[in-house]
Amino acid sequence: MKTTKKRNVEISVKTINCNEAKPNLQSSLLDYLLLLGMIFSVYMLTLQPAHAHGEKNLEPYVRMRTIQWYDVQWSKQKFNVNDEVSVTGKFHVAEDWPISVPKPDAAFLNISTPGPVMVRTERYLNGKPYMNSVALQPGGDYDFKVVLKGRLPGRYHIHPFFNLLDAGQVMGPGVWLDIGGDEADFTNNIQTINGQAINMETYGLANGIFWHSFWALIGTAWLLWWVRRPLFIVRYRMLHAGLEEELVTPLDRNIGKAILVGVPLLVFVFYTMTVNEYPKAIPLQASLDQILPLSAKVNAGVVEVDTVRAEYRVAERSMKLSLKIKNGSDKAIQIGEFATGGVHFLNKVAPVSQQHDAESVVAAEGLSLDNPAPIQPGEERAVLMTAGDALWESEKLDGLIKDADSRIGGLIFFYDTEGERYVSSVTAAVIPKFN
Ligand SMILES: [Cu+2]
């Protein structure tokens with residue numbers, strides 16, 4: 001009985017491999033398709049524009065209506081290995097958070113770098129040190145500070161950015177940093193809570209490599225033990241033929257039992273050894289930090305702005321915003337700047353200096369108003385504000401009109417005669433005008 005079954009298996013195993021002869025026509029067609037595919041892929045490669053971190057490829061509504069960065073400054077942009085540098089800035093979390101982007105219930109402030117060119121030593125949100133992710137509140141205002149230390153010499157493009165859970169990255173303004181000096185001079189020494197001075201660059205490295213290799217070796221050996229047997233289809237057929245006894249031997253079973261008992265035992269023994277060697281240890285922190293927004297900085301209530309209508313003129317590359325502005329302050333105010341998606345449109349007739357992110361993308365004369373006269377205290381005025389510049393196109397913000405979510409969001413910066421600043425957020429559905 002058994003022998004006939006075995007023969008059956010052998011025959012069917014053989015039949016699997018006999019689809020060799022194919023007509024020539026088909027293979028030449030395949031070759032042709034392959035060639036076409038290769039040509040096409042070369043086109044794809046050459047047409048793809050190279051962006052530093054893909055910041056321009058992020059949908060405009062994500063750049064305009066999630067984290068609205070402003071006043072981002074670096075303490076210095078030229079420094080040496082081991083020097084500390086800090087980046088400070090503010091951001092407003094848009095009230096009009098896009099419906100397709102998950103809410104910022106867990107957000108992590110990070111620094112995008114090309115590799116480990118710096119180490120982060122301190123990080124603050126609203127003046128509070130924090131390690132984990134935080135929940136941000138739409139409509140909330142925050143300021144941040146990150147302290148970094150130069151590690152690898154070179155010239156790098158660096159951004160602060162937010163990692164939003166389930167949504168991805170929202171880049172802040174980027175700068176070029178020049179790190180000078182010698183890589184070999186880099187030191188990263190800290191003192192543990194037990195008072196021991198350690199070098200973070202090498203501490204625990206050998207231990208880490210040992211444990212990774214140890215478990216990888218056991219895992220690989222177990223895998224190879226099974227891989228050397230008949231696999232997949234052959235195995236399937238043997239099972240169907242009732243030959244499972246030949247697939248799993250008593251030795252396999254014994255090794256399996258040894259692993260079942262041995263691995264948990266090993267884990268327990270090594271865990272006990274570690275706890276004895278390091279009795280005072282803090283677990284890796286995985287909680288969510290709770291940091292509430294600052295008192296309102298944007299839309300603080302002094303100057304009120306209502307966006308009535310937004311229109312994008314494709315041919316002129318300009319956004320026209322109809323605004324209703326109410327000046328509740330006791331001095332005359334003027335619009336100095338409109339900032340959206342990392343682009344700053346400046347009103348050249350406004351006398352006071354505008355906010356600048358370091359190396360920001362600026363349209364120096366990009367902002368104009370139908371009535372440039374300052375808005376008097378207590379005055380309520382309808383203003384047509386035009387933000388026009390080729391930057392709409394080169395920064396790929398004009399892709400907005402092709403989005404399913406064609407809403408604009410941004411910050412307007414007002415200045416009074418004393419240089420006092422008021423910030424208001426605007427948001428509106430955008431109507432494209434193609435001619
Ligand atoms: Cu960049």
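What follows is a short working chat about strands and nonpolar cores in a predicted model.

Trainee: Which strands does β15 pair with, and in which sense, parallel or antiparallel?

Mentor: Strand β15, residues 303-313, is joined by 10 bridges to strand β16, residues 318-327, and those two run antiparallel, whereas 4 bridges join β15 to strand β23, residues 421-433, in the parallel sense.

Trainee: Which residues are the bridge partners of V303 and E311?

Mentor: V303 has N327 in β16 as its bridge partner, while E311 is partnered by I431 in β23.

Trainee: And what lies between β15 and β16?

Mentor: The two strands form a hairpin with 4 residues between them, and in that turn R317 has a positive phi of about 50 degrees.

Trainee: Switching to the core, which residues have the most contacts inside the largest nonpolar one?

Mentor: Those are I412 and F414, in a core of 65 residues, to which strand β22, residues 407-416, gives the most, namely 6 residues. Domain 1 (56-193) and domain 3 (303-433) both contribute residues, so this core lies between them.

Trainee: What does F414 touch, leaving out residues up to four places away in sequence?

Mentor: F414 touches V303, I333, Q334, I335, G336, R421 and Y422. Apart from that large core lies another, of 5 residues, including F79, V81, L177 and I179.

Trainee: Back to sheets, what is the strand order in the open one with 5 strands?

Mentor: The order is β1-β3-β8-β5-β6, with antiparallel pairing, and the edge strands, each pairing on one side only, are β1 (67-74) and β6 (128-129). Strand β5, residues 118-125, pairs with β6 over 2 bridges, and L125 stands opposite K128 in β6.

Conventions: Residues are numbered from 1 along each chain as its sequence is written. This is a predicted model: local features need pLDDT of at least 70, side-chain atom pairs count only at pLDDT 80 or more; totals for chains, interfaces and linings use all residues. Two strands pair if DSSP finds at least two bridges between them. A nonpolar core is a set of buried Ala, Val, Leu, Ile, Met, Phe, Trp, Tyr and Cys residues joined through C-beta atoms within 7 Å. A residue is buried if 20 or more other C-beta atoms lie within 10 Å of its own, exposed if 12 or fewer, and partly exposed in between; C-beta atoms are placed from the backbone. Domain bounds come from an automatic or database domain assignment. Two residues are in contact if their C-beta atoms, placed from the backbone, lie within 7 Å.
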